[in-house]
Amino acid sequence: MKRIVAVMMALCIGTFAFVGCSKKAKLDIGIAMPETHVERWVKDGATLKAEAEKLGYKAEVAFGDADQARQNTQIAGFVTNGAKFLVVGNVNDGVASAVADAAASKVQVIAYDRIIANSADYDYYITFNNFKVGQLQGQAIEQGLNLKAATAASPKNITLFAGSPTDGNAFFFYDGAMDVLTPYISSGVLKVVGPYPPTSKDTGNFQRIATENWSGPIAKARMENLLGGDARNVTLDAVLAPNDTLGRAIIEALKADAKYAGKLPVVTGQDAEPVSLASIKNGEQYATIFKDTNKLAAAAILLASQVIKGQAVSIPGSVLASDIGLGSIGDTGKKTVKAYLLDPILITKDNWKVPVDAGFYSQQEIDTNSLK
Ligand code: BGC
């Protein structure tokens, strides 16, 4: 009897589908998130899993710790465990080989928030309008410095930071911000302190302002270097920070400099992290961008379920990138996938409560960060 059980268990582990292994139900949806040091992904992972389970799917989440080899192993594990569908927020384009292997096993993949570059092995991408995210960051600076009323005779100083050069989104964020700021730089109203890539296509300078793996400590160290170097003899009025994790790291460096003790520059962000919302409320960080990732997660799982059931894909509340002239958001370098975009919202002190009112945070997160 013992031997029979052992054999059955071996078969269960091997196939998960073996009759009589009902306790080990087959995995339906594998959710691969890139990292945990940027808080949003922890929430994205939990929300995606909950949304999948709401629709009756068995789902599992794994976090890649900003390590693509590790994430590829996790993705391969999902395929082995019988997943029909994968939702992947990748670390970098090294994910393409894992996606190719999944496709070879007839497992569908959706790129979640970040495009899977250099791959022709998937069809769908769901994200926010990332160019608009950047435009809103640029508008925050325009508004915070009142650039419309500023003159070249009394210019404002800005330093530029970009996200990870391994994340396609970082290029859209930067180019969106520059779409708003370039006219002010060209007219001399805004002066760039430190490296200045007019667009992300200026690869050399973009690399200089980029922040590998969206690492807070790297951004903080670069800000400290700037304060002791290029920015030593000027007072900065603004810092373009691509997300909250980096924005807060930059603010930490600024606060350690006596020059900014009385007044911090206008610092942007993204993700509406609770600590940053509190900082905005208290007048430190100037702005963030709220991307309702609860809606993104629900939309991704809806898309998965439509594909699994062979239904036509229709995602309420999203627009197709190609319908608004942003088809390049879905360009992987090997093909153009269907990219569904949700809308980001600019948050400043005037409307910091929007994410709270949208029910985006739990009561505990609200209480812990005094977001009342
Ligand atoms: C996401 C941002 C996030 C960043 C760092 C980007 O791909 O769109 O929301 O802040 O990655 O994790």
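The exercises below, each with a worked solution, concern the predicted model shown above.

Residues are numbered from 1 along each chain as its sequence is written, and side-chain values use heavy atoms, with hydrogens and water left out. Because the model is predicted, local features need pLDDT of at least 70 and side-chain atom pairs count only at pLDDT 80 or more, whereas totals for chains, interfaces and linings use all residues.

**Exercise 1. The sheet**

Task: State the order of the strands in the open sheet and identify the edge strands.

Solution. Strands (E, at least two residues) and helices (H or I, at least four) are DSSP runs, numbered from the N terminus. Two strands pair if DSSP finds at least two bridges between them.

Step 1. The open sheet has 7 strands in the order β2-β1-β3-β4-β5-β12-β11, with mixed pairing. Its edge strands, β2 and β11, each pair on one side only.

Step 2. Strand β12 (residues 338–342) pairs with β5 (residues 124–128) in the parallel sense over 5 bridges. Within this pairing, Ile-126 is opposite Tyr-340.

Step 3. Strand β11 (residues 319–320) runs antiparallel to β12, and 2 bridges join them. Here Val-319 has Leu-341 as its bridge partner.

Step 4. Buried means under 20% relative accessible area, exposed over 50%, and partly exposed in between (1.4 Å probe, protein chains only). Strand β12 is largely enclosed by the rest of the structure, because 4 of its 5 residues are buried.

**Exercise 2. Helix α2**

Task: Compare the expected span of helix α2 with the distance between its end C-alpha atoms, then locate its packing partners.

Solution. The expected span of a helix is 1.5 Å times one less than its number of residues.

Step 1. Helix α2 (residues 40–54) has 15 residues and should therefore span 21 Å; its end C-alpha atoms are 21 Å apart, which agrees.

Step 2. The buried residues of α2 are Arg-40, Trp-41, Asp-44, Gly-45, Thr-47, Leu-48, Glu-51 and Ala-52. Contact means heavy atoms within 4.5 Å. These buried residues pack against strands β1 (29–33), β2 (59–63), β3 (85–88) and β4 (108–112), and against helix α11 (293–308).

Step 3. Just after α2, Gly-56 has a positive phi of about 90°.

**Exercise 3. Phe-85**

Task: Determine whether Phe-85 is buried or exposed, and list its contacts.

Solution.

Step 1. Phe-85 belongs to strand β3. Its relative accessible area is 1%, so Phe-85 is buried.

Step 2. Neighbours within four places in sequence are set aside; Phe-85 is then in contact with Asp-28, Ile-29, Gly-30, Val-107, Gln-108, Ile-110, Ala-304, Val-307 and Ile-308.

Step 3. By contrast, Glu-142 is 57 residues from Phe-85 in sequence and 43 Å away in space, C-alpha to C-alpha.

**Exercise 4. Nonpolar cores**

Task: Name the residues that touch the most other members of the largest nonpolar core.

Solution. A nonpolar core is a set of buried Ala, Val, Leu, Ile, Met, Phe, Trp, Tyr and Cys residues joined through side-chain atoms within 4.5 Å.

Step 1. The largest core has 76 residues, of which Ile-29, Tyr-112 and Met-223 touch the most other members.

Step 2. A second, separate core has 25 residues, including Ile-75, Phe-78, Tyr-125 and Ile-329.

**Exercise 5. Two positive phi angles**

Task: Describe the setting of Asp-113 and of Asn-146, neither of which is a glycine.

Solution.

Step 1. Asp-113, in the loop between β4 and β5, has a positive phi of about 65°. Its relative accessibility is 2%, so Asp-113 counts as buried.

Step 2. Asn-146, in the loop between α5 (130–144) and β6 (156–160), has a positive phi of about 50°. Its relative accessibility is 46%, so Asn-146 counts as partly exposed.

**Exercise 6. Helix α10**

Task: State how many residues of helix α10 are buried, and what covers them.

Solution.

Step 1. In helix α10 (residues 274–281), 6 of the 8 residues are buried, so the helix is largely enclosed by the rest of the structure. They are Pro-274, Ser-276, Leu-277, Ala-278, Ser-279 and Ile-280.

Step 2. Their cover includes α9 (244–255), β10 (288–290), β13 (345–347) and α12 (354–357).

Step 3. Just after α10, Gly-283 takes a positive phi of about 80°.
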